[in-house]
Structures are given as structure tokens and as C-alpha cells.
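These are my notebook entries on a protein model, kept in the order in which I looked things up. I began with strand pairing and then went on to single residues, cores and enclosed spaces.

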Amino acid sequence: MVSSLRIERVVTSGVFALDGGSWEVDNNIWLIGDDEEVVIVDAAHDEKPITEAVNGRNVVAVVCTHGHNDHVTVAPALGASLHAPVLLHPGDQALWELTHPEQKFWSMQDGERIAVAGTELRVVHTPGHSPGSICLHLPEAGALFSGDTLFSGGPGATGRSFSDFPTIISSIRDRLLALPGDTKVHTGHGDATTIGDEAPHLSEWIARGH
């Protein structure tokens, strides 16, 4: 692990809205970097606590793990105030436009690498929760930032528009469970887990369905 690298969590609260419904949610925002620069993972609900956690550091990028409103709420505002590009997989263009119809983002692709604090975050496209869902893998720290693709206890929800259960299962099985078992999974909501803790339960998730 890079000695100066650190991972920080900010939790904000607000509303997730889709398909005419709304739900109160707590979101994890992750800051990955050192004393000089940082990448923000997701931009949920409230700009102020995220900016406070940045604390004057150079922001390399605001990375959105997917386009649901609770993960992109303040992404354009953060990008503007912190002079940073907002990155999103183009598969979630339609979801993005539900929240920010007049705003642009920078397209992010599978396999892309984002340099920060002497290391690299690797973009892993993991569709299913949404078409453009991605995870970020940080091999040197043994860490994965999974957005809403993988949680402690199973896959993210697939019961609403733009989501698909067989697709998320394929993404988890083929892309995420291939990672080392001790990889720590920093999720978009709730508590962390590890790949090794989740892998034995794949068949249970499939049997359970969405």
C-alpha cells in the first residue's frame, strides 16, 4: 500500500428518487488521495461536507459510480467549485439527464486509469444496477469502491428502470469475484465487506433473485 495514501468516508443523507417513488437514504462518499490531491467517489446530496473533507486539496476528478440521483446530486456543483472534471460511464446518460438535463459530464470507460497520489484507480464497468455502473479498483491498497453493484450481503437492487438482475450477477461473478479475496469493498451505502466474505454466497443470490 502506498504509505501516504489514505481513504476517507463522508456520509450524507437525502432522497433517492426513480420511477415515481422516493426513499430516504444515507450515502457513502469516498475520498482517495494524500495531503496534496484527491479523487472524490460519488457526489451525494450535500456539497458542503464533501468540500470540507477535501480541505483545499487538488481534486483530480469527481467520479460517479452510476447515474442515480443520490450519487450525482451535487456532482456538477462540486466539479465547478473544485475545478474538477465529473466522470460518468456514458451508459448512464439517460439517468444523468433525469437529474441534470442541462449539465455535461466527461465519459469514463472500462479499463481507464485515474492517477492520484502516486497510484492508479482502475475503472471496472459492472452493469446491472444501471447500464453504466462502474467500480473502482485500487490494487495497491487492496480496495474496491463498488458503488451500488456489490454490498455486504449481495448485489445492488435491480427492480427498477434501467436495471437487470442477470446482468449484475454476471458483472459480480466475472469482474469482481475474480479479485483477491482480501480485497476490501467500500460500498455506496452501509458497511464495508470483502470479496472473500461475499464470494461463497453467489449461488444463494442467484436462487434468491432480485
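Entry 1, a sheet in the later part of the numbering. I looked up the partner of Arg113 and found that Arg113 stands opposite Arg122 in strand 8. The model is a predicted one, and I read this pairing, like everything below, as computed from predicted coordinates. Strand 7 and strand 8, the latter covering residues 119-125, run antiparallel and are joined by four bridges. Both belong to an open sheet of six strands, whose order is 7-8-9-10-13-14 and whose pairing is mixed. I noted that strand 7 (113-116) and strand 14 (193-194) are the edge strands of this sheet, each pairing on one side only.

Entry 2, the other sheet. I then followed an open sheet whose six strands come in the order 1-2-3-4-5-6, again with mixed pairing. Which strands stand at its edges, and what does that leave them without? Strand 1 (6-18) and strand 6 (106-107) hold these positions, and each has a single partner strand, so one side of each lacks a neighbour in the sheet. At one of these edges, strand 5 and strand 6 run parallel and are joined by two bridges, and I found Ser107 in strand 6 as the bridge partner of Leu88. At the other, strand 1 and strand 2 pair in the antiparallel sense over 13 bridges, with Val11 standing opposite Asn28 in strand 2.

Entry 3, the hairpin and its turn. Strand 1 and strand 2 form a hairpin with two residues between them, and I looked at Asp19, which is placed in the loop between these strands. Its phi is near 60 degrees, a positive value in a residue other than glycine. Asp19 is partly exposed, its relative accessible area being 49%.

Entry 4, Gly14 in the hairpin. Is Gly14, which lies in strand 1, buried or exposed? At 14% relative accessibility Gly14 counts as buried, because the cut-off for that class is under 20%. Leaving out residues up to four places away in sequence, I listed Trp23, Glu24, Val25 and His45 as the residues that Gly14 touches. I also recorded the separation of Gly14 and Asp26, which are 12 residues apart in sequence and 6.6 Å apart in space from C-alpha to C-alpha.

Entry 5, a second positive phi. Phe162 also caught my attention, as a residue other than glycine with a positive phi, here near 75 degrees. I placed Phe162 in the loop between strand 12 (154-155) and helix 5 (165-176), where it is partly exposed with a relative accessible area of 39%.

Entry 6, the nonpolar cores. The largest nonpolar core has 23 residues, and Leu31, Ile40, Val59, Val62 and Trp96 are those with the most contacts inside it. Strand 2 (21-33), strand 3 (37-41), helix 1 (47-54), strand 4 (58-63), helix 3 (75-82) and strand 5 (86-88) each give two or more residues to this core. I took Val62 as an example and, leaving aside its neighbours within four places in sequence, found it in contact with Ile40, Ala43, Leu78, Gly79, Ala84, Pro85, Val86 and Leu87. There is also a second, separate core of 20 residues, which includes Val39, Ile134, Leu136 and Leu138.

Entry 7, the largest pocket. I noted about 180 Å³ of space in the largest pocket. Its lining is made up of Phe16, Val25, His68, Asp70, His129, Asp148, Phe151, Gly156, Ala157, Arg160 and His189, which I sorted by class into four nonpolar, four polar and three charged residues.

Entry 8, the cavity. How many cavities of 30 Å³ or more does a search of the whole structure find? The search finds one, and the volume of the largest cavity is about 40 Å³. Phe16, Leu18, His68, His129, Ala157, Thr158, Gly159, Arg160, Ser161 and Ser163 line this cavity, and by class I counted three nonpolar, six polar and one charged residue in the lining. Phe16, His68, His129, Ala157 and Arg160 are named in the lining of the largest pocket as well as in that of the largest cavity.

Technical notes: Residues numbered from 1 in each chain as written. Predicted model: local features only at pLDDT ≥ 70, side-chain atom pairs only at ≥ 80, totals over all residues. Heavy atoms only, no water. 1 Å grid on protein atoms, 1.4 Å probe; cavity = no way out; pocket = protein on both sides within 12 Å on 5 of 7 lines; lining within 4 Å. Points joined across faces, edges and corners; volume = space filled by probe spheres on them. Nonpolar A, V, L, I, M, F, W, Y, C, P; charged D, E, K, R; others polar. Core = buried A, V, L, I, M, F, W, Y, C linked by side-chain atoms within 4.5 Å. Buried < 20%, exposed > 50% of the residue type's maximum accessible area, 1.4 Å probe, protein only. Contact = heavy atoms within 4.5 Å. Pairing = 2+ DSSP bridges.
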